[in-house]
Amino acid sequence: MPTKKKSSGKKYSSGAGKKVEKVMREKKRGTLKSGGSGKKVTSRKQAVAIGLSEARKAGAKVPKKKSAATKSSAKKSSSRKN
């Protein structure tokens, strides 16, 4: 049986983690606004997404965003197994 190859190194850089921490503090204070509409962010997941997006723009090591097509095809294949 073939063995799975382990990924070498960290997925996220320390700079990316610091950026997410900063954004989460802003969310907690209530000062974090979304980019498009400018509304206040209340979702923890949305705050993390904003932090990772900012880290990507700054050039930090962050995995690529999963596209909607990839997410839906993965969802379909996992539901077929059940």
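**Burial, salt bridges and confidence in a three-helix chain**

Modeller: In helix 2 of this predicted model, the buried residues are A47, I50, G51, L52 and A55.

Biologist: What covers the buried residues of helix 2?

Modeller: The cover includes helix 1. For the chain as a whole, buried residues make up 15% of 82.

Biologist: How do you know which elements the chain has, and in what order?

Modeller: The chain has 3 helices and 0 strands, and from the N terminus the order is α-α-α.

Biologist: What makes the length of helix 2 agree with that of a helix?

Modeller: Helix 2 has 15 residues, and at 1.5 Å a residue the expected span is 21 Å. The expected span counts one less than the number of residues. The end C-alpha atoms of helix 2 are 21 Å apart, so the two values agree.

Biologist: What lies at the two ends of helix 2?

Modeller: S43 caps the N-terminal end, with a side-chain oxygen 3.3 Å from the backbone nitrogen of K45. A polar contact needs N or O atoms within 3.5 Å, and 3.3 Å for S43 and K45 therefore meets that limit. After helix 2 comes G59, which has a positive phi near 95°.

Biologist: Is S34 buried or exposed, and why is it called that?

Modeller: S34 has a relative accessible area of 13%. Buried means under 20%, so S34 is called buried.

Biologist: Where does S34 sit, and what does it touch?

Modeller: S34 is in the loop between helix 1 (14-29) and helix 2 (44-58). Leaving aside residues up to four places away in sequence, S34 touches K39, V41, Q46 and I50. One of these, I50, is also among the buried residues of helix 2.

Biologist: Why is the pair K22 and E26 called a salt bridge?

Modeller: The closest N and O atoms of K22 and E26 are 3.5 Å apart. The limit is 4 Å between a Lys or Arg nitrogen and an Asp or Glu carboxyl oxygen, so K22 and E26 qualify. Side chains of opposite charge can pair when their charged atoms come close.

Biologist: What separates K22 and E26 along helix 1?

Modeller: K22 and E26 are 4 residues apart, which means about one helical turn. An α-helix has 3.6 residues a turn, so residues three or four places apart point the same way.

Biologist: How do you know that K22 and E54 form a salt bridge?

Modeller: The N to O distance for K22 and E54 is 3.9 Å. That is within 4 Å, so the pair counts. K22 lies in helix 1 and E54 in helix 2, 32 residues apart, and the pair links distant parts of the chain.

Biologist: How many salt bridges does the whole structure have, and which residues are linked in a network?

Modeller: The search finds 2 salt bridges, and K22, E26 and E54 are linked in a network.

Biologist: Are K22, E26 and E54 buried, partly exposed or exposed?

Modeller: Their relative accessible areas are 37% for K22, 21% for E26 and 28% for E54. Partly exposed lies between 20% and 50%, so K22, E26 and E54 are each partly exposed.

Biologist: Which element has the lowest mean pLDDT, and which the highest?

Modeller: Helix 3 (residues 68-81) has the lowest, 68, and helix 1 the highest, 92. The chain has a mean pLDDT of 83, and 84% of its residues reach 70 or more. Where pLDDT is low, the predicted coordinates should not be read in detail.

Methods: Residues numbered from 1 in each chain as written. Predicted model: local features only at pLDDT ≥ 70, side-chain atom pairs only at ≥ 80, totals over all residues. Heavy atoms only, no water. Buried < 20%, exposed > 50% of the residue type's maximum accessible area, 1.4 Å probe, protein only. Contact = heavy atoms within 4.5 Å. Salt bridge = Lys/Arg side-chain N within 4 Å of Asp/Glu carboxyl O. Polar contact = N/O pair within 3.5 Å; in protein donor to acceptor, adjacent residues only side chain to side chain. pLDDT = per-residue confidence, 0-100.
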